[in-house]
Amino acid sequence: MKKSVILVIAVIYVLAIVVVGFIGIRMKIYNANIYVEKIECVSDNYRKCNENDDFYQKGYDGYISVIYEENLKVLIKCNIYPENASEKKLEYIYDKSSTTYTLTYNDDGTANVEFFKGGSATIIVKSTDNVGTSIKILINAVDLGGIV
């Protein structure tokens, strides 16, 4: 009887190793965080910075240049990569004390920059997933002073 009990325990032990090994191969991790790796601005008139551009400034990822007119609103729209990122919210960092413009958030994750007069705005678009992926955008609202 002693040998049979030891034999049964050994067989159960070996089967347990095989079963756990088989299930472990198919095991998937659920609720894993997928972090934002890249933010890309897809707004109208957005251009990536190039050293040959007139509006190139070091440190900026891109710029938007528009002619200022009364009630000018510039929409900032960005895509997040990978598309299956866990946290898709974006934070817009800007100069809240500016007298040239103001920024308002939209429900769809975009933002509007409304200019009160010609000037420029520096906007940093940052992911909120604790990784801190970000892009820096310069928006120039060129006031031609009535010359068109």
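A charge is said to sit over a ring when NZ of Lys or CZ of Arg is within 6 Å of the ring centre and within 35 degrees of the ring normal. With that in mind, here are some close-up views of this predicted model.

**View 1. Lysines meet tyrosine rings at Tyr60 and Tyr94.** Start with Tyr60: the charged end of Lys136 sits over this ring, 4.8 Å from the centre. Then turn to Tyr94, where Lys96 lies over the face of the ring, at 5.0 Å from its centre.

**View 2. Tyr94 joins Tyr101 and Phe115 in one aromatic cluster.** Aromatic pairs number 3 in the structure. Take Tyr101 and Phe115, a tilted pair with 6.0 Å from centre to centre and 45° between the planes. This pair links distant parts of the chain, as Tyr101 belongs to strand β7 (residues 101-105) and Phe115 to strand β8 (residues 111-115), 14 residues apart. Both Tyr101 and Phe115 are buried.

**View 3. Thr100 sits in the loop between β6 (90-93) and β7.** Is Thr100 buried or exposed? Thr100 counts as buried because its relative accessibility is 15%, and the cut-off for buried is under 20%. Leaving out residues up to four places away in sequence, Thr100 touches Glu114, Phe115, Phe116, Lys117, Gly118, Gly119 and Ser120.

**View 4. Strand β4 (residues 72-76) shows two faces.** In a regular strand, side chains alternate between the two faces of the sheet. Look for Leu72, Val74 and Ile76 on the covered face of β4, and for Lys73 and Leu75 on the uncovered one. Strand β4 pairs with β8 in the antiparallel sense, over 5 bridges. Here you can meet Phe115 again: this β8 residue stands opposite Leu72.

**View 5. The largest nonpolar core holds 28 residues.** Nonpolar side chains tend to be buried together in soluble globular proteins. Which residues touch the most other members of this core? They are Ile76, Val113, Phe115, Ile123, Val125, Ile137 and Ile139. Strand β10 (residues 134-142) gives the most to the core, with 4 residues. Zoom in on Val125: setting aside neighbours within four places in sequence, its contacts include Ile39, Ile76, Leu90, Tyr92 and Ile137.

**View 6. Confidence varies along the chain, from helix α1 to strand β8.** The average pLDDT of the chain is 86, and 89% of the residues score at least 70. Where is confidence lowest? Helix α1 (residues 2-26) has the lowest confidence, at a mean of 77, while β8 has the highest, at 96.

Conventions. Residues are numbered from 1 along each chain as its sequence is written. This is a predicted model: local features need pLDDT of at least 70, side-chain atom pairs count only at pLDDT 80 or more; totals for chains, interfaces and linings use all residues. Side-chain values use heavy atoms; hydrogens and water are left out. Rings of Phe, Tyr and Trp (its six-membered ring) pair if their centres lie within 6.5 Å; planes under 30 degrees apart count as stacked, over 60 as edge-to-face and the rest as tilted. Buried means under 20% relative accessible area, exposed over 50%, partly exposed in between (1.4 Å probe, protein chains only). Two strands pair if DSSP finds at least two bridges between them. A nonpolar core is a set of buried Ala, Val, Leu, Ile, Met, Phe, Trp, Tyr and Cys residues joined through side-chain atoms within 4.5 Å. Contact means heavy atoms within 4.5 Å. pLDDT is the predictor's confidence in each residue, from 0 to 100.
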